[in-house]
Amino acid sequence: MSPKSQNVDTMRNFNRASVMKLVLESPGIDRSRLAVETGLTNATMTRIVQELLGAGFVTETTDQKVNQGRGRRRTGLEINAKGGYVLGLSILAFNTSVVLADLSGAMIGTVSVEPTDLSDARRTMDEICDAAEKVIIEHGVERDQVLAAGVAIAGYLDVKGGTWLHSPYLRWPPFDVRKSLANRLNLPIVVENVNRCIAVAETRIGCCAGMTDVFLVRAALGLGAATISNGKVLRGHNNTAGQIGHFLEGRVGTMCSCAKPDCITMAASGWAILDQLELRDTAVDRLDLIEDQGSKLLAVLEQAKSDKDVAHIVRRAGAALGHHCVTMLRALDPEQILLTGPLGRSAIYGQAFRENLVRNGISAEIITAHDKSISTPAMAASALSLAESIYSPSFDVQKMLTRKSDNARASEKTVLVL
């Protein structure tokens with residue numbers, strides 16, 4: 001293919017993706033408005049819409065509100081939710097699950113996965129993919145209608161976004177997680193750190209849809225963050241940005257899992273809460289023991305609702321997180337701040353976090369997982385798949401058109417004429 005042809009295809013794919021996004025965001029939008037919004041000619045818009053209709057990604061809808069009964073009814077467009085599906089996979093120490101979602105982002109089905117041995121990477125990947133295939137079958141979806149999969153992982157990838165490097169809890173060896181899943185599922189795969197995955201999902205279809213500057217903290221046993229600035233995910237030079245749990249706390253205290261005695265993890269996280277209640281197992285080095293610590297944290301958060309002493313410890317941890325985020329938030333200047341994870345769902349922890357930020361002059365809107373529903377990791381992974389695959393210039397619509405044409409011809413050949 002000549003460079004000129006490649007440039008034409010690239011621009012066509014970009015325009016097609018722009019139209020898809022607008023139709024998703026504005027159901028019922030008509031071709032004329034699409035042309036105005038994108039700056040494309042009516043002829044170009046007609047061609048793109050015909051391709052999307054042919055691929056089954058959009059459908060036509062008629063506006064019933066016709067002025068005084070005169071004139072033609074306006075024909076608009078909306079996403080055909082049943083035109084395709086995506087998978088969302090979460091691979092976390094405490095939350096391994098699969099979601100099947102349609103093109104609008106709505107969840108069709110979900111299943112939790114309880115790996116036989118989470119420390120065995122190969123076996124766990126097999127079990128997750130088996131669960132994904134079962135979800136597809138159980139909900140009557142044709143396998144070739146599943147177009148892509150997104151993956152939220154409790155860890156960090158290399159700069160190319162494919163090779164698993166390390167995780168706080170899943171001590172798997174480095175391997176190409178994207179290729180491993182692509183081989184098993186025979187689908188395009190996009191993999192992302194769980195915190196970034198949730199942040200992307202919330203700015204696409206969640207509580208801060210349309211926002212371009214968002215800061216997210218996920219507070220569980222440990223702490224992790226994700227930043228979206230001017231619509232872009234901040235990844236860092238080594239693709240490991242967001243490890244706020246190991247910021248310096250400013251004073252020597254309890255030893256963190258990273259073998260340092262002054263991390264904010266030991267002042268503001270679930271580990272800190274368990275440590276102050278003398279429930280932290282400092283010898284934890286196995287996943288089953290870590291899972292036990294996670295269960296203890298959930299029990300403590302429930303107890304805090306009725307126990308003032310426990311509530312005080314939880315509140316102090318939330319305030320500490322807010323205190324240590326202030327300087328960073330002043331530098332980033334986000335529109336919205338999201339607090340999620342088990343601690344984010346605690347009204348006590350979340351309120352202390354918010355109050356500390358407000359007291360220190362942070363004016364951004366602060367949303368906690370107690371205030372509003374924030375995407376689960378698997379649901380966020382499905383949203384990531386939609387954003388990076390289906391609604392991306394990289395998606396091959398022509399392949400879909402070819403497949404539908406081949407299926408139609410095959411169907412004609414099997415018709416029995418008597």
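Which backbone oxygen does the side chain of N193 reach? Select N193 and G155 in this predicted model: the N193 side chain comes to 2.9 Å from the backbone oxygen of G155.

**Stop 1: N193**

Stay on N193, which sits in strand 11, residues 189-193. Its relative accessibility is 3%, and because buried means under 20%, N193 counts as buried. Show the residues around N193: leaving aside those up to four places away in sequence, it touches I153, G155 and Y156.

**Stop 2: the whole protein**

Zoom out and colour by secondary structure. The protein has 13 helices and 16 strands. Of its 418 residues, 49% are buried. An accessible surface of about 20700 Å² remains, with carbon and sulfur atoms supplying 49% of it. Of the contacts between residues at least 6 apart in sequence, 63% join residues at least 24 apart.

**Stop 3: strands 8, 9 and 10**

Select residues 156-157, which are strand 8, then 163-166, which are strand 9, and 175-176, which are strand 10. These 3 strands make an open antiparallel sheet in the order 8-9-10. Strands 8 and 10 are at the edges with a single partner strand each, so one side of each has no neighbour in the sheet. Strands 9 and 10 are joined by 2 bridges; in one of the pairs, W164 has F175 of strand 10 as its bridge partner.

**Stop 4: helix 5**

Now select residues 177-185, helix 5. At its N-terminal end D176 acts as the cap, with a side-chain oxygen 3.3 Å from the backbone nitrogen of R178. Which residues of helix 5 are buried? They are V177, S180, L181 and L185. Viewed down the helix axis, these buried residues fall within an arc of 110 degrees, so they line one face of helix 5. In an α-helix there are 3.6 residues a turn, so residues three or four places apart point the same way. Rotate to the other side of helix 5 to find K179 and N183, both exposed. After the helix comes N186, with a positive phi near 55 degrees.

**Stop 5: the nonpolar cores**

Next, display the largest nonpolar core, a set of 42 residues. V314, L321, C325, I337, Y349 and L357 have the most contacts inside it. Elements that each supply at least two of its residues include strand 12 (214-219), strand 13 (223-229), helix 9 (287-303) and helix 11 (347-359). Helix 10 gives the most, with 11 residues; select 308-332 to see this helix.

Centre on I337 and list its contacts, again without residues up to four places away in sequence. They are F215, L329, F353, L357, I362, A364, E365, I366 and I367. A second, separate core holds 32 residues, among them L87, V135, L170 and V177. V177 has already appeared as one of the buried residues of helix 5. In soluble globular proteins, nonpolar side chains tend to be buried together.

**Stop 6: strands 1, 2 and 3**

Finish with residues 75-79, strand 3. Strand 1 (29-30) pairs with strand 3 in the antiparallel sense over 2 bridges, and I29 has L77 as its bridge partner there. Strand 2 (58-62) is also antiparallel to strand 3, over 5 bridges. To check this pairing, select T61 and G76: T61 stands opposite G76 in strand 3.

Technical notes. Residues numbered from 1 in each chain as written. Predicted model: local features only at pLDDT ≥ 70, side-chain atom pairs only at ≥ 80, totals over all residues. Heavy atoms only, no water. Helix = DSSP H or I, 4+ residues; strand = E, 2+ residues; numbered from the N terminus. Buried < 20%, exposed > 50% of the residue type's maximum accessible area, 1.4 Å probe, protein only. Contact = heavy atoms within 4.5 Å. Areas by Shrake-Rupley, 256 points an atom, 1.4 Å probe, with all protein chains shown as cover. Arc of directions from axis to C-beta. Polar contact = N/O pair within 3.5 Å; in protein donor to acceptor, adjacent residues only side chain to side chain. Pairing = 2+ DSSP bridges. Core = buried A, V, L, I, M, F, W, Y, C linked by side-chain atoms within 4.5 Å.
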